[in-house]
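Please explain this structure to me step by step, starting with its internal space and moving on to its aromatic rings and one histidine side chain.

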Amino acid sequence: MAVEVEVEDDTDLPEWAIEKIAPMHDSLSDWVTHNSRNIDSFFGSEESMHVENDSFLRLSQELDWSDTDGFDAETGVRFRLDLPTSKKRLRFIIESDPEETEGTLAEQASNRLSNDQRGLGSTILGLSKLSKKDKREAWNLRAGAGVKVRWPPDPYVRFTGERLWDLSSPWQLESYNRASWFNEDGYSIRSKWDLGRPLDENHHLRFITNFQWQEEEADTLEYSEGVEINQLLGPRSVMRYAAVVVGRSASDPRLHDYYFYTQYRRNLHRNILFVDLIPELHFPRDQDYDPEFSVTLRFEMMFKGDLEFRR
């Protein structure tokens, strides 16, 4: 959920905290920008110093609590190095907990996959070849390959396709699809279809359908259907209200889980520091649909040297 920021009143932090954060943030952001443009210049052209570059480093820290598993904490890292002027339009990725390691659809929603299940081997290093096509006009296709950080290395290959259609105004339909192969985990396929429209200037309605098949999950097809309303609370805050049902099996479809959640997201400081608060209420089939409550508190910090509000 993106949050637009006004120049005035763009922070919740006291001045002493800003003075602590700013030098570290600017230093890392400059490192991201300079390295991405220098590497792009080596593989591409001198235009790399002038074109838009979407490289970034994102650090996150999650604190989770559920009435069944208690407390858990997880640190996430994602580094994206764009090479937009190279002939093959490459992107280098370092990513902890890629979507292929996030478990079932129910686990993805509730963040119930523990750190022990994820492990250090869930971090990947890879290269992706980007498409030059606009997903509003044609399918945006890209291919990537790399390794999972473990010993012995676990190679992977993935193919991704995205498309966005403008339907009868004001409806839009967006599709995201990915097929992956990991040497250790086998094949997986996932597809997301997002149909939405604005209700007014502060509310947006979405219907989201997911399909997922993973070879390691006993060849089980999963599917989910959700409805969301996103509410703009102000220039730096948004709220999401959602209800989702999760099912399994194509031959014998049955409800596996349904849940409700809200997500409050706040831009704490100039599109650099964000906080999310996500309470959830699940009714899983394997617990006879007894309610399970969980809550997630997540902090994210972005490092990107091209941000216009850098001071």
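**Cavities, rings and a histidine**

In this predicted model, the largest cavity is lined by Glu100, Phe182, Asp185, Gly186, Tyr187, Ser188, Gln214 and Glu216. Strand β8, which covers residues 186–200, gives the largest share of that lining, with three residues. Sorted by class, the lining of the largest cavity is made up of two nonpolar, three polar and three charged residues. The space in the largest cavity comes to about 70 Å³, and a search of the whole structure finds two cavities of 30 Å³ or more.

From the cavity we can turn to the aromatic rings. A pair of aromatic rings is described by the distance of the centres and the angle of the planes. The structure contains eleven aromatic pairs, among them that of Trp31 and Phe79, which is tilted, with 5.8 Å from centre to centre and 35° between the planes. Because Trp31 belongs to helix α1 (residues 15–43) and Phe79 to strand β2 (residues 70–83), this pair ties together parts that are 48 residues apart in sequence. Trp31 has a relative accessible area of 45% and is therefore partly exposed, whereas Phe79, with a relative accessible area of 9%, is buried, the cut-off for buried being under 20%.

A further pair is formed by Trp165 and Trp193, whose ring centres are 6.0 Å apart and whose planes meet at 5°, so that this pair counts as stacked, as planes under 30 degrees apart do. The pair links distant parts of the chain, since Trp165 sits in strand β6 (residues 154–166) and Trp193 in strand β8, with their positions 28 residues apart in sequence. Trp165 is partly exposed, with a relative accessible area of 25%, and Trp193, at 30% relative accessibility, also counts as partly exposed. Strand β8 thus appears in two places in this account, as a contributor to the lining of the largest cavity and as the strand that holds Trp193. Elsewhere, Tyr258, Phe260, Phe283 and Tyr289 form one aromatic cluster.

The last stop is His282, which lies in strand β13, made up of residues 273–284. His282 counts as buried because its relative accessibility is 1%. Which side chains does His282 reach through polar contacts? One polar contact, of 2.9 Å, joins the side chain of His282 to that of Asp257, and another polar contact, of 2.9 Å, joins the side chain of His282 to that of Glu280.

Definitions and conventions: Residues are numbered from 1 along each chain as its sequence is written. This is a predicted model: local features need pLDDT of at least 70, side-chain atom pairs count only at pLDDT 80 or more; totals for chains, interfaces and linings use all residues. Side-chain values use heavy atoms; hydrogens and water are left out. Helices (H or I, at least four residues) and strands (E, at least two) are DSSP runs, numbered from the N terminus. Buried means under 20% relative accessible area, exposed over 50%, partly exposed in between (1.4 Å probe, protein chains only). A polar contact is a pair of N or O atoms within 3.5 Å; within protein, one must be able to donate a hydrogen and the other to accept it, and residues adjacent in sequence count only if both atoms are side-chain atoms. On a 1 Å grid over the protein atoms alone, a cavity is a set of points where a 1.4 Å probe fits but cannot get out, and a pocket is an open set with protein on both sides within 12 Å along at least five of seven lines; lining residues have an atom within 4 Å of a point. Grid points are joined across faces, edges and corners, and a volume is the space filled by probe spheres set on the points. Ala, Val, Leu, Ile, Met, Phe, Trp, Tyr, Cys and Pro count as nonpolar, Asp, Glu, Lys and Arg as charged, and the others, Gly among them, as polar. Rings of Phe, Tyr and Trp (its six-membered ring) pair if their centres lie within 6.5 Å; planes under 30 degrees apart count as stacked, over 60 as edge-to-face and the rest as tilted.
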